[in-house]
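Here are a few friendly notes on the ligand site, for you to read alongside the model.

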Amino acid sequence: MIKVSKFLAMSAIVASALTMIVGCQSKSGPKKITIGFSQVGAESEWRTANTVSIKQAATDFGINLQFSDAMNRQENQIKAIRSFIAQKVDVIAFSPTTTSGWETVLQEAQRAKIPVILLDRGVDVKDESLYVTLMGSDFKVEGERAGNWLVEYMNSKGRGNETINVVELQGTVGSDPAIQRKAGFDEVIKKYPNYKVIRSQTGDFTRALGKEVMEAFLKAEGKNIHVLFAHNDDMAIGAIQAIEEYGLKPGQDIIIVSIDGVKGAFEAMIAGKLNCTVECSPLLGPQLMQAAIDLKNGKTLPRRVLTEEGVFPAEVAAKEFPNRKY
Ligand code: GZL
């Protein structure tokens, strides 16, 4: 015979368990997936468009997004990832500021059994099980495309055998795109002994620093500069201002090729101040959200999800501009 007090205690336990189960289901259906995302910062038009894509996709897919802006500092990203672990989010995703220094915090995420998705940029880790997938562009191919476009363009202008002095505005030091874009561009032009990178320095992917470094290049080299290769459009746009203030014509006296394909680049090409932009799409939000849902449904993700991209020379800029989504 169960005593009344014991029966009441057991029913209280059952009732609270049922409340918890019902609570987990919540009133509006199954529990929402929560993604913790650490963004690099807001350094460029590309990055802004990438953030918009991620936030909009979270809304469209019904995902609870915990978004953190690292202001271009790795230590802020590490702090954010630790906070996502403490919050027990379902998935951690981030675009790493730089390629190195991630093992410790990614091991903490692995121990917490939280899957990690790399969006946009990659990392250098020995243990590749520390992340589930890398979704984004092939930056080395982008660098090769910039180099190949330049060689073909100069040949088309009858300048293929001239001495071609190139100045290079590199992206953020140690970042995946800066390392890979430089490698891809160098691989192409090393086949042509008349092409030489005479100055190369980081502009940190920003317009302001791109302008400042281009001013220094012009001061040192002046009309000895034939070409500017910028790792992103924002630095190219900053450099265009420096070239004009120096008294030269960007796009004519100095041929300019850059990467990203943002609206500002198309406007500069239509104005005749930029000669080519190599596309690098920031519109990665929907595929990130779908990947998180697939992970939670137990699906296996491919280790690498590449973005299909094109090359846009100035000749097509006006026609293409209305189609641009970022
Ligand atoms: C590339 C991305 C780069 C862009 C820059 O995928 O990581 O960072 O090229 C941005 O504009 O700052």
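How do the residues of the shell around the ligand divide into nonpolar, polar and charged?

1. Please keep in mind that this is a predicted model. In the shell around the ligand, six residues are charged, five are nonpolar and two are polar.

2. On who sits around the ligand: 13 residues surround it, and E43, D120, R121, R181 and D260 are the closest.

3. Three polar contacts are worth a look. D260 places a polar side-chain atom 2.6 Å from a ligand oxygen atom, and R181 does so at 2.7 Å. For N232, the distance from a polar side-chain atom to an oxygen atom of the ligand is 3.0 Å. On its own the ligand has 320 Å² of accessible area, and the protein covers 100% of that.

4. Next, the cavity. The ligand takes up the space of the largest cavity. Two elements, α2 (45–61) and α6 (176–189), each give two or more residues to the shell around the ligand.

5. Finally, the domains. Domain 1 (34–135 + 283–307) and domain 2 (139–280) each supply at least three residues to the shell around the ligand.

Conventions:
Residues are numbered from 1 along each chain as its sequence is written. This is a predicted model: local features need pLDDT of at least 70, side-chain atom pairs count only at pLDDT 80 or more; totals for chains, interfaces and linings use all residues. Side-chain values use heavy atoms; hydrogens and water are left out. A residue is near a molecule or strand if one of its heavy atoms lies within 4 Å of it. A polar contact is a pair of N or O atoms within 3.5 Å; within protein, one must be able to donate a hydrogen and the other to accept it, and residues adjacent in sequence count only if both atoms are side-chain atoms. Accessible areas come from the Shrake-Rupley method with a 1.4 Å probe; for residues, only the protein chains shown count as cover. On a 1 Å grid over the protein atoms alone, a cavity is a set of points where a 1.4 Å probe fits but cannot get out, and a pocket is an open set with protein on both sides within 12 Å along at least five of seven lines; lining residues have an atom within 4 Å of a point. A molecule sits in a cavity or pocket if more than half of its atoms lie within 2 Å of its grid points. Helices (H or I, at least four residues) and strands (E, at least two) are DSSP runs, numbered from the N terminus. Ala, Val, Leu, Ile, Met, Phe, Trp, Tyr, Cys and Pro count as nonpolar, Asp, Glu, Lys and Arg as charged, and the others, Gly among them, as polar. Domain bounds come from an automatic or database domain assignment.
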